[in-house]
Amino acid sequence: MTDAPMPASLPHDGTDAEARPVFAEERRILGLAASTWPGILAPLAIGILALLGWEAIVRIKDIPHYVLPGPLLIAKTLVLDWETLSGSLWITLRITFAALVAAVTLGVALAILFTQSKWLEKSLFPYAVVLQVTPVVSIAPLIIIWVGDINLSLLICAWLVAFFPILSNTILGLNSADHNLVNLFQLYRASRSQTLRHLRLPAALPYFLAGLKISGGLALIGAVVAEFVAGSGGSASGLAYRILESGYQLRIPRMFAALIMISASGIAIFLITSWIAHLFLRRWHESAIRREN
Amino acid sequence: MTQTVAAVAKEARGRPLVAIRGVSKQFSNGTLAVRGVDLDLADGEFVSLLGPSGCGKSTLLRMIAGLGEPSVGAIDWPTSPYGSNGRAEPDLGFVFQDPTLMPWANALKNVMLPMTLAGVGKADAEARAADMLALVGLRGFEKSYPRELSGGMKMRVSIARGLVTKPKILLMDEPFAALDEITRHKLNDDLLALWDRNRFTAVFVTHSVFESVYLSQRIVVMAARPGRIMADLPVDAPYPRDDLFRTSAEYAHLCRVASETLKKAIAG
Ligand SMILES: Nc1ncnc2c1ncn2[C@@H]1O[C@H](COP(=O)(O)OP(=O)(O)OP(=O)(O)O)[C@@H](O)[C@H]1O
Ligand SMILES: [Mg+2]
């Protein structure tokens, strides 16, 4: 081709390329798009109705609070025991978060390593599967004995549970880059690291984020299960320990309060990871886009 | 390497840009996709590969691009210092049948890709990509993501990406097959205008007789099972070609000739 300067533009006659993008603004209520409100209000209404029904049944049937406390009593316990409970919540969340960070780091690093070398994947992946299918409850005691440090043991247990979805999803994602795009990178003589950076990693992002959503919840479950196994033997006193303790002492309202905190944490983790996924994918991935048909 | 520019140019004259010699391709599952292809592509010419589905057009085009080695024979680039010993000339553009854009990158970033991979500076790459997008009629869409573009617009981005490095040769694999006729005619005209301006070598795969006659100087007709070349038709009509040409008796006649050749090729 010659090196003559490119002229401004070819003449056009009004095909689709002549149109310019116009973005319509949706009506907003309290900062949220009007159409998202029903999705928030409907489940909220159901929840409030269920709580009212629960409280009513407990009062009418006069159920003793060590069998089934009403929601009001649980709420009261939550406030009164807040200091102990929030301390335990903090401990559990710290382990959950650390395990998730470790799962992301190691999962992504291993996935990249595996896709660079088929041999490494073939020889190591089966062991990752073994780790995944072994129930954490059954190896937690061993880990606690071997590692010694209780916090580290809990972290390892939670990590074991959270690790696999990230690993397998990221491997799938790294290998799912469009075949023609891979060819295109070949044509332009892209290096391995260029292909990784500009093609495989972005292509893997939606898969990784789907894995992250699963692993976030699993990390919490792993942390709680490990705490149960460690029980009172440990010095750590996470939420699971509070549940065990309340069970022994028949302080059922407190047990419920701790349970609610675990559920709320799980929901929060799910919402945060979903929000992160949405932030990353909203411009381009089908899963994060509302289609205007 | 002490030859003068003039001497190199003199030697280059008469030598094809691409010399395909006795090329066959058999896939590992036993399919003989292409058999015994001999074909020269001259510098700056517009050639169409025309043939029915499954006759090995894509396979041949991909081999020219260096994607997949011939099982037998060789593809040489006699005038290129890089494209020898079975290696393809690196200075080429490729347009796939699908737009094949990166969905996570906007139009500008997509067009910048060849330059990003070649290590061209960001500012320079951005300016050249923006120019190229304007040239294919997409000024103002630099920040749009592929999913926000229509099929025709995506194809334009893909062509812009293929041409942004001003390659010696542009290989296109049925680039407009999925588009409606109006858009296809428009893109045909735009492609001819780009070619007229920059005189890259164009290899255009299609199974439309009309498209091949409208665009090219030469039509290579292929037949299937096994894929082979049946005819090499010159299209002796002057450029620029436009709607006048599309409705001329000359065009109708050329189409009839090409169509009959293709029919014979399919019949075997
Ligand atoms: N990777 C592959 N492995 C095995 N066989 C293949 C492969 N690619 C193509 N073929 C076979 O080679 C033959 C030629 O395929 P090719 O894609 O080149 O045809 P084509 O002329 O481009 O057809 P179309 O017009 O439908 O795109 C077909 O019979 C096809 O089944
Ligand atoms: Mg094809």
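In the predicted model, an N or O atom in the side chain of Ser58(B) lies 2.6 Å from an oxygen atom of ligand 1. Two further residues of chain B make polar contacts with this ligand. A polar side-chain atom of Lys57(B) is placed 2.8 Å from a ligand oxygen, and a backbone N or O atom of Cys55(B) is found 3.1 Å from an oxygen atom of ligand 1. The ligand, taken alone, exposes 630 Å², and 64% of that area is buried by the protein.

The shell around ligand 1 consists of 13 residues, and Ser53(B), Gly54(B), Lys57(B), Ser58(B) and Thr59(B) are the closest. Sorted by class, the shell holds 8 polar, 3 nonpolar and 2 charged residues. Helix α2 of chain B, which spans residues 57-65, gives the most to this shell, with 3 residues.

The nonpolar interior was examined next. In soluble globular proteins, nonpolar side chains tend to be buried together. The largest nonpolar core of the model has 86 residues. Within this core, the residues with the most contacts are Val18(B), Ile20(B), Ile64(B), Ile75(B), Trp77(B), Ile169(B) and Leu171(B). The largest share of the core nevertheless comes from chain A, where helix α6 (residues 150-174) supplies 14 residues. A second core, separate from this one, has 55 residues and includes Phe46(B), Val95(B), Leu191(B) and Val209(B).

Ile20(B) illustrates the surroundings of one core residue. When residues up to four places away in sequence are not counted, Ile20(B) touches Val37(B), Asp38(B), Leu39(B), Asp40(B), Ile64(B), Ala74(B) and Ile75(B). Among these partners, Ile64(B) and Ile75(B) are also listed with the residues that have the most contacts inside the largest core.

Ser24(B) belongs to strand β1 of chain B, which covers residues 18-26. Ser24(B) counts as buried because its relative accessible area is 11%, under the 20% limit. The side chain of Ser24(B) reaches the backbone nitrogen of Gly36(B) at 2.9 Å. Gly36(B) is also among the contacts of Ser24(B) beyond four places in sequence, together with Val34(B), Arg35(B), Pro70(B), Ser71(B) and Val72(B).

Chain A contains 10 helices and 2 strands. From the N terminus on, its two strands are followed by the helices, in the order β-β-α-α-α-α-α-α-α-α-α-α. Of its 293 residues, 38% count as buried. The accessible surface of chain A comes to about 16,900 Å², and carbon and sulfur atoms account for 69% of it. Among contacts in chain A with a separation of 6 or more, 69% are between residues 24 or more positions apart.

Two residues of chain A show opposite degrees of exposure. Arg28(A), in strand β1 (residues 28-29), is classed as exposed because its relative accessible area is 54%, over the 50% limit. With residues up to four places away in sequence set aside, Arg28(A) touches Ala33(A) and Ala34(A). Gly216(A), by contrast, has 0% relative accessibility and therefore counts as buried. Gly216(A) is located in helix α8, which runs over residues 192-230 of chain A. Not counting residues up to four places away in sequence, Gly216(A) touches Thr96(A), Leu100(A) and Ile269(A). Gly216(A) and Leu271(A) are 55 residues apart in sequence, and their C-alpha atoms are 10.0 Å apart in space.

Methods: Residues are numbered from 1 along each chain as its sequence is written. Chains are lettered from A and ligands numbered from 1 in the order in which they are written. This is a predicted model: local features need pLDDT of at least 70, side-chain atom pairs count only at pLDDT 80 or more; totals for chains, interfaces and linings use all residues. Side-chain values use heavy atoms; hydrogens and water are left out. A residue is near a molecule or strand if one of its heavy atoms lies within 4 Å of it. A polar contact is a pair of N or O atoms within 3.5 Å; within protein, one must be able to donate a hydrogen and the other to accept it, and residues adjacent in sequence count only if both atoms are side-chain atoms. Accessible areas come from the Shrake-Rupley method with a 1.4 Å probe; for residues, only the protein chains shown count as cover. Helices (H or I, at least four residues) and strands (E, at least two) are DSSP runs, numbered from the N terminus. Ala, Val, Leu, Ile, Met, Phe, Trp, Tyr, Cys and Pro count as nonpolar, Asp, Glu, Lys and Arg as charged, and the others, Gly among them, as polar. A nonpolar core is a set of buried Ala, Val, Leu, Ile, Met, Phe, Trp, Tyr and Cys residues joined through side-chain atoms within 4.5 Å. Buried means under 20% relative accessible area, exposed over 50%, partly exposed in between (1.4 Å probe, protein chains only). Contact means heavy atoms within 4.5 Å.
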